[in-house]
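Trainee: I've got a model open and some questions to go with it. Can we take them one by one?

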Amino acid sequence: MAIRSSRQRDVFPLPPLDWSRGPLHDDLQQVPANQRWPLRQQTEGAIRSLFDLYAEGKVLAGCPANAVQRASQLAIFKQLAQGFTMGPMYNFKEAAGLLLKSSLSYAKQQVSSTVRSYQEGLVSIPTSGHT
């Protein structure tokens with residue numbers, strides 16, 4: 001029996017995902033069409049983050065994924081797909097309003113905020129020191 005290189009069992013570095021075939025492609029087809037692209041982006045972002053922790057931002061190119069890496073990529077995808085839902089999309093003004101009305105405390109305690117609505121008369125901009 002031949003001894004396999006440890007490289008064949010390494011999870012890291014995780015190579016880029018191949019969505020065109022295999023279990024990843026098959027599982028993606030089970031996701032509603034309008035959620036496929038956002039889920040792909042979230043999965044790729046999670047894997048890129050793990051890779052960045054491992055490789056400190058170095059780019060991996062041209063290395064095919066081994067069985068352990070493919071299994072890891074599929075497990076990450078399935079974990080994200082399990083809890084994936086597309087939330088409501090807000091425009092900038094709606095999002096800012098929601099943030100300002102939300103609690104600023106992680107402990108759900110009442111926290112005061114110094115954020116106030118914009119009133120032009122209350123704003124003073126110093127004059128430039130340049131002449």
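Below, we go through the fold, the core and a surface patch.

Mentor: Ground rules: this is a predicted model, where local features need pLDDT of at least 70, side-chain atom pairs count only at pLDDT 80 or more, and totals for chains, interfaces and linings use all residues. Residues are numbered from 1 along each chain as its sequence is written, and side-chain values use heavy atoms, with hydrogens and water left out.

Trainee: Which pattern does the protein chain follow along the sequence?

Mentor: Helices (H or I, at least four residues) and strands (E, at least two) are DSSP runs, numbered from the N terminus. The protein chain has four helices and zero strands. Read along the sequence, that's α-α-α-α.

Trainee: Which helix gives the largest share of the largest nonpolar core?

Mentor: A nonpolar core is a set of buried (under 20% relative accessible area, 1.4 Å probe, protein chains only) Ala, Val, Leu, Ile, Met, Phe, Trp, Tyr and Cys residues joined through side-chain atoms within 4.5 Å. The largest one has 11 residues, including Trp19, Leu39 and Phe77. Helix 1 (22–28), helix 2 (33–55) and helix 3 (67–82) each give two or more residues to this core. The largest share, three residues, comes from helix 3.

Trainee: Is Tyr118 buried or exposed?

Mentor: Tyr118 sits in the segment after helix 4 (92–101), and forms a nonpolar patch on the surface with Val123 and Ile125. Exposed takes over 50% relative accessible area. Tyr118 has 64% relative accessibility, so it counts as exposed.

Conventions. Patches are made of residues with over 30% relative accessible area and no salt bridge: like charges are joined within 9 Å, nonpolar side chains (Val, Leu, Ile, Met, Phe, Trp, Tyr) within 5 Å. Accessible areas come from the Shrake-Rupley method with a 1.4 Å probe; for residues, only the protein chains shown count as cover. A salt bridge is a side-chain nitrogen of Lys or Arg within 4 Å of a carboxyl oxygen of Asp or Glu.
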